[in-house]
Amino acid sequence: MATAIIGTGNIGGTLARHLARGGEPVVLAAKDEANAAALAQELGELARAASVEEAIAEADAVVFAVWLDTTKELIATDARLLENKVVVDPSNPLGFDESGQMIRTLPEGQSAGSIVASLLPADTHYVKALGTLGADSLASAANREPRRAVLFYSTDDDAAAPTIERLIRAAGFEPLKAGGLADAGRIEMPGGDLHQAGLNGALLDLDEARAAVAGEVPA
Ligand SMILES: NC(=O)c1ccc[n+]([C@@H]2O[C@H](COP(=O)([O-])OP(=O)(O)OC[C@H]3O[C@@H](n4cnc5c(N)ncnc54)[C@H](OP(=O)(O)O)[C@@H]3O)[C@@H](O)[C@H]2O)c1
């Protein structure tokens, strides 16, 4: 089955390119279906565009590559379609104030992951992932040599883990579990010590990433 990517902007568009290049079929949806259609056309036979609802229905894994408030709205509308699916959430608790300044939209200590997970049906397989790098690094660091860059994930769900590991590898990165849902804030920004922003922009290989999960600051 395909992976649905909802949102084809900085993160969703990059992931769609990486996954299609890695041999994974993707179904793309955006607010304006023409945007998803244009990207699907560019990516060729492994990609197609659909409405949000069609994309979710066709997929076994759904990446919500949209802003947190949009993720909340889409889950409210499409909760039943998400039953038994793996839901991948790259969102950060970020927004903009009146002067265009980036601000945290949730209280300190509350992760976007905890909010998204709480809205999903009980049998949805939730994983926080694919938002741990800035979009530029996500685009440029796939298939890094000689050692792949790590993408962290966190989940309490045993069924979600193999799916996200497969997708991260297909996208050209090395997966590493950073803990359970309670640790989602560690891989979000602002504030997450394992988010690229909390690592001063560093991209970690597997050994460095394991040390960072254990709380050892990378050299
Ligand atoms: N940008 C980063 O560096 C970065 C890094 C890590 C994590 N993240 C997180 O990743 C998420 C996406 O960020 P982004 O920078 O990729 O955002 P973005 O470039 O603004 O793209 C947002 C996408 O969401 C789509 N969208 C909006 N409303 C929708 C709806 N109702 N139904 C379906 N699609 C809808 C838009 O569709 P249209 O194309 O039709 O407008 C667009 O493709 C955010 O939660 C962000 O916090 C971003």
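**Entry 1. Surroundings of the ligand**

I began with the ligand in this predicted model. I listed the residues around the ligand and counted 24 of them. Thr8, Ile11, Asp32, Val66 and Ala135 come nearest. I then sorted the shell by residue class: 12 of its residues are nonpolar, 10 are polar and two are charged.

**Entry 2. Helices in the shell**

Which helix gives the most to the shell around the ligand? I found that α4 does, with three residues. The helices α1, residues 10–21, and α4, residues 68–78, each supply at least two residues of this shell.

**Entry 3. Polar contacts of the ligand**

I next looked up polar atoms paired with oxygen atoms of the ligand. At Asn10, a backbone N or O atom lies 2.9 Å from a ligand oxygen. At Asp32, which I had already noted among the nearest residues, a polar backbone atom is 2.8 Å from an oxygen atom of the ligand. At Asn35 the side chain takes part: one of its N or O atoms is 2.9 Å from an oxygen of the ligand. I also looked up how much of the ligand is covered. On its own the ligand has 890 Å² of accessible area, and the protein covers 79% of this area.

**Entry 4. Pocket**

I checked where the ligand sits with respect to the pockets. The space that the ligand takes is the largest pocket.

**Entry 5. Salt bridges**

How many salt bridges does a search of the whole structure find? My search returned 12. I examined one of them, in which the side chains of Arg166 and Glu24 meet with an N to O distance of 2.9 Å. Arg166 belongs to helix α7, residues 160–170, while Glu24 is in the loop between α1 and β2 (26–29), so this pair ties together parts that are 142 residues apart in sequence.

**Entry 6. Backbone geometry**

I turned to peptide bonds and recorded a cis bond between Glu145 and Pro146, with omega about 0°. Pro146 is placed in the loop between α6, residues 135–140, and β9, residues 150–154.

I recorded another cis peptide bond between Met189 and Pro190, where omega is about 0°. The loop that holds Pro190 runs between β10 (174–177) and α8 (206–213).

Where is Leu130 placed? I located Leu130 in the loop between β8, residues 125–129, and α6. I noted Leu130 for its phi, which is near 75°, a positive value in a residue other than glycine.

Notes: Residues are numbered from 1 along each chain as its sequence is written. This is a predicted model: local features need pLDDT of at least 70, side-chain atom pairs count only at pLDDT 80 or more; totals for chains, interfaces and linings use all residues. Side-chain values use heavy atoms; hydrogens and water are left out. A residue is near a molecule or strand if one of its heavy atoms lies within 4 Å of it. A polar contact is a pair of N or O atoms within 3.5 Å; within protein, one must be able to donate a hydrogen and the other to accept it, and residues adjacent in sequence count only if both atoms are side-chain atoms. Accessible areas come from the Shrake-Rupley method with a 1.4 Å probe; for residues, only the protein chains shown count as cover. On a 1 Å grid over the protein atoms alone, a cavity is a set of points where a 1.4 Å probe fits but cannot get out, and a pocket is an open set with protein on both sides within 12 Å along at least five of seven lines; lining residues have an atom within 4 Å of a point. A molecule sits in a cavity or pocket if more than half of its atoms lie within 2 Å of its grid points. Helices (H or I, at least four residues) and strands (E, at least two) are DSSP runs, numbered from the N terminus. Ala, Val, Leu, Ile, Met, Phe, Trp, Tyr, Cys and Pro count as nonpolar, Asp, Glu, Lys and Arg as charged, and the others, Gly among them, as polar. A salt bridge is a side-chain nitrogen of Lys or Arg within 4 Å of a carboxyl oxygen of Asp or Glu.
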